[in-house]
Amino acid sequence: MSVAENTGLTVAVIGTGYVGLTTGACFAKLGHTVICADVIPEKIESLSRGEVPIVEAGMEELVAEGIASGRLRFVLGAANAAEECDFAFMCLPTPQGADGAADLSYLLRAASEIAPVLPSGAIVVNKSTVPVGSAQRVVDVIGRDDVVVASNPEFLREGTSVEDFFGPDRIVIGAPEKAVAERVSRLYDAIDAPKLLVDTATAELIKYASNAYLAAKISYANSIANLCEAAGANAHEVLAGMGMDSRIGAKFLKPGPGWGGSCFPKDVFALMNIAETAGYDFSLLSAVVAANEEQLDRVVGKVRQIVGGELAGAKLAVWGLSFKAGTDDMRESPAIKVITRLQAAGVHIRAYDPAATVPLPGVARAETALDACDGADGLVVLTEWPEFGEVSLSDVAERLAYKRVVDTRNMLNTRELADLGFAYDCVGYGKSVVSHSLA
Ligand code: NAD
């Protein structure tokens, strides 16, 4: 995409995490003047120097370009970003609260910070994932008749956030009046995607309904994979066969250790809470949550079996800590949940991840995938980083004390593992299938 003309529109972005930084850097690329705010001084300092604190393809170039064009700035404190804005995009965390509902305290605090300085006529846009009725709560906190609040939920995927911003499947904008939604929509004029202009409650619910559906789809794939193990079928082929049906689609049909990440778990619980508050018993979602817990337990069961039944005292190599490949984000990662369960059973872990570097209690870290294997009683693959599929399995065999692998992402070559004399397990293959049909 070439450098755009200056649009003359000024956007404040409050919160410069995964969503805020993407929104800010990409809006600057579209020609808007963007001022991003955060509460962490070091983050603002490093971003102002063009140093990007997260792993996102294309982000460094975009931030550097935005700064060089003079259209992207970073400031400390929400109020300092909002003074001259036409739009204030709220990209604050909405973590799971004690009752499962989304915790709106970050959002409402930031709203109270910008309330006194917002120019008359500004539009506050909730990009955070927030429950039905949140726009009204922001309206109440702002307490001004000359400012409106709209909703523009974000659907980006970590790791490909820049690509997703410029090529989304749809852009959803909720507002109390169509004219307000249309003003927000104009910010995205250069993006060729369907724009769905709806009322605010509908926009808020579209986001939760989508994320919970994707979590349910993964859990369905995992349940089919578990059935394949029991029935002696090949999950890879069953799920591929399902995915060829255009009504179903192939995405999110890969079996694995379970779903996680910074969004799915909290959004599923928040949707359950929204349903409960609305008086609807969303029992399907309770089953999805239970299936996901069961999946994590099944992985631990597979590891127990591969080491001969006794986990206590075992030394295991782990490949992968981030919740999926392509990101350094370990929040609610299924890998961490499996590790925690293994540690509780007395396992010593030495882990390698190409990007996720945050220290974990009791987990030793290795510099390379092979180093993690040195002298270990077995290897557990938990995140689908492509580089894991390229490690020489004969080198792995040499480094491990025992040739044992549990591959929860089905990415290692099972024929080669078999030829090298590994005891191995993966997800979704009946025992007879494992030995002959995977390659
Ligand atoms: P994040 O935790 O990465 O970033 C939030 C940022 O807000 C942090 O840098 C924090 O310091 C900052 N912040 C907190 N209080 C502030 C304040 N008063 N003023 C200014 N900055 C403040 O969060 P995220 O992953 O970007 O998610 C933000 C929202 O977007 C959440 O509601 C999330 O559910 C939703 N969302 C996330 C993703 C994703 O993949 N991460 C995708 C779609 C939607």
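**Figure 1. Polar contacts of the ligand in the predicted model.** A polar atom in the side chain of arginine 331 is placed 3.2 Å from an oxygen atom of the ligand. The protein covers 91% of the accessible area of the ligand, which on its own amounts to 850 Å². The side chain of lysine 43 also takes part, with an N or O atom 2.6 Å from an oxygen atom of the ligand. At leucine 92 the backbone provides the partner: one of its polar atoms is 3.5 Å from a ligand oxygen atom.

**Figure 2. Residues of the shell around the ligand.** The ligand is surrounded by 28 residues. Those that come nearest are Asp38, Lys43, Thr94, Glu158 and Lys266. Sorted by class, the shell contains 13 nonpolar residues, seven polar residues and eight charged residues.

**Figure 3. Helices, strand and domains that build the shell around the ligand.** At least two shell residues come from each of three elements, namely helix H1 (18-29), strand E2 (33-38) and helix H5 (105-114). Among the contributing elements, H5 gives the most, with three residues. Both domain 1 (10-198) and domain 2 (212-436) take part in the shell, and each supplies at least three residues.

**Figure 4. The second largest pocket and the residues that line it.** This view turns from the ligand to another site. The second largest pocket has a volume of about 220 Å³, and 15 residues form its lining. Of these, Ala212, Ala216, Lys217, Leu284 and Val288 lie nearest the centre of the pocket. By class, the lining consists of twelve nonpolar residues, two polar residues and one charged residue.

**Figure 5. Helices that line the second largest pocket.** Helix H9 (200-231) and helix H12 (283-306) each contribute at least two residues to the lining of the second largest pocket. The largest share belongs to H9, which supplies eight residues of this lining.

Note on methods. Residues are numbered from 1 along each chain as its sequence is written. This is a predicted model: local features need pLDDT of at least 70, side-chain atom pairs count only at pLDDT 80 or more; totals for chains, interfaces and linings use all residues. Side-chain values use heavy atoms; hydrogens and water are left out. A residue is near a molecule or strand if one of its heavy atoms lies within 4 Å of it. A polar contact is a pair of N or O atoms within 3.5 Å; within protein, one must be able to donate a hydrogen and the other to accept it, and residues adjacent in sequence count only if both atoms are side-chain atoms. Accessible areas come from the Shrake-Rupley method with a 1.4 Å probe; for residues, only the protein chains shown count as cover. Helices (H or I, at least four residues) and strands (E, at least two) are DSSP runs, numbered from the N terminus. Ala, Val, Leu, Ile, Met, Phe, Trp, Tyr, Cys and Pro count as nonpolar, Asp, Glu, Lys and Arg as charged, and the others, Gly among them, as polar. Domain bounds come from an automatic or database domain assignment. On a 1 Å grid over the protein atoms alone, a cavity is a set of points where a 1.4 Å probe fits but cannot get out, and a pocket is an open set with protein on both sides within 12 Å along at least five of seven lines; lining residues have an atom within 4 Å of a point. Grid points are joined across faces, edges and corners, and a volume is the space filled by probe spheres set on the points.
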